[in-house]
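Biologist: Please show me the sequence and the structure. I should then like to ask what stands behind each term that is used.

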Amino acid sequence: MREPALHPRLGELLTAMLGQVVERGPDSAGVAVYGDPELTPPGRATVSLLDAGDDPRAVEAALRGRVPGAVAIAADATTVVHAPVGADALTAAVGAALPGARVIGSGTDVAVLKGTGHPDALAASFRLARVRGWQGVGHTRMATESAVTAEGAHPFSVGPDQCLVHNGSFANHATIRRELRAQGVVFDSDNDSEVGARFVAHQLAQGVELEKALRLLCERFDGFYTLLVATGDSFAVVRDAIACKPALIAETPEWVAMASEYRALSVLPGVASARIFEPEPEEVYVWQR
């Protein structure tokens, strides 16, 4: 959101956009929200978890003594924990106190919420409509390359304040997964989209700019895809050389949005006067906050 006056409406607009395309992915859904003062309060790191149990008070109790001031929030299958420490310290403390939990997002700006079931029901369970912030990513999934599980839902958030959503299929994901594992990269699932997320995160961790990281992905990955990658201060879109997967971008002075279909964009304020275009094949589009 370029216009701060729209920040309080972020969750409302994300909910409306997801509701337009639920049949594209009826088995699960996920969102990444940047800047919500309840989920990611200023001055505190946030970690998003699956398999942490359904009682946030038990999570807080488990962390007591390791992370003073930790607060846990339940959102369907996800538990969001924030505390006045660094993201690495919070992630390490969660790993020690809750060894069965799976980290699905971490940083200072982003909270990731995932679940299985109908996307409309999940949006209600996430209380998404009341979320605020400057940037959001939502995805509804129809599983093709892996099981229907919350951890298989998009977005994949595997680097600090980063996330990726993918429409398509990577043909050579097994090969690239082996190469990344040989470099010490750890995977959480067998999902081909996670390989793309890990590849981008690995590049960013080495100091590569986001645009260059996506150009390298286009050079290395085979298959068909539309990708959206978000960070704490930017988001980017790229399609493969054939560009067979749908994508539309709408841009106004107040906001920039991307979706698979126009009907998802049609709910946004001022869309009638937006510049709307289809991304060109293998061209990386980047917007900065």
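Biologist: Which element gives the most to the lining of the second largest cavity?

Modeller: In this predicted model, where local features need pLDDT of at least 70, side-chain atom pairs count only at pLDDT 80 or more, and totals for chains, interfaces and linings use all residues, α6 gives the most, with three residues. Residues are numbered from 1 along each chain as its sequence is written, and side-chain values use heavy atoms, without hydrogens or water. Both β8 (163-170) and α6 (192-205) supply at least two residues of that lining. The names come from DSSP runs counted from the N terminus: helices (H or I) need at least four residues and strands (E) at least two.

Biologist: Why is this space called a cavity, and what volume does the second largest cavity have?

Modeller: On a 1 Å grid over the protein atoms alone, a 1.4 Å probe fits at its points but cannot get out, so the term cavity applies; a pocket, in contrast, is an open set with protein on both sides within 12 Å along at least five of seven lines. About 50 Å³ of space lies in the second largest cavity, where a volume is the space filled by probe spheres set on points joined across faces, edges and corners. Its lining residues, those with an atom within 4 Å of a point, include Phe156, Val158, Leu164, Ala197 and Val200.

Biologist: What makes the lining of the largest cavity unlike that of the second largest in residue classes?

Modeller: Ala, Val, Leu, Ile, Met, Phe, Trp, Tyr, Cys and Pro count as nonpolar, Asp, Glu, Lys and Arg as charged, and the others, Gly among them, as polar. On that basis, the second largest cavity has eight nonpolar, two polar and no charged residues, while the largest has four nonpolar, two polar and six charged. Among the lining residues of the largest cavity are Arg102, Lys114, Glu151, Asp188, Glu194 and Arg198, and its volume is about 100 Å³. There, β5 (102-107) gives the most, with three residues.

Biologist: How do you know that His154 is buried?

Modeller: Buried means under 20% relative accessible area, exposed over 50%, and partly exposed in between, with a 1.4 Å probe and protein chains only. His154 has 3% relative accessibility, and therefore counts as buried. His154 lies in the loop between β7 (135-141) and β8.

Biologist: What does the side chain of His154 reach?

Modeller: It reaches the backbone nitrogen of His166 at 3.3 Å. A polar contact is a pair of N or O atoms within 3.5 Å; within protein, one must be able to donate a hydrogen and the other to accept it, and residues adjacent in sequence count only if both atoms are side-chain atoms. Contacts of His154 (heavy atoms within 4.5 Å), leaving aside neighbours within four places in sequence, include Ala29, Lys114, His139 and Asn191.

Biologist: What volume does the largest pocket have, and which residues are closest to its centre?

Modeller: The largest pocket has a volume of about 1,200 Å³. Of the 48 residues that line it, the closest to its centre are Val137, Gly138, Val165, Leu228 and Met258. The largest share of this lining, seven residues, comes from β7, and by class the lining has 23 nonpolar, 17 polar and eight charged residues. The second largest pocket has a volume of about 380 Å³, and β5 gives the most to its lining, with four residues.
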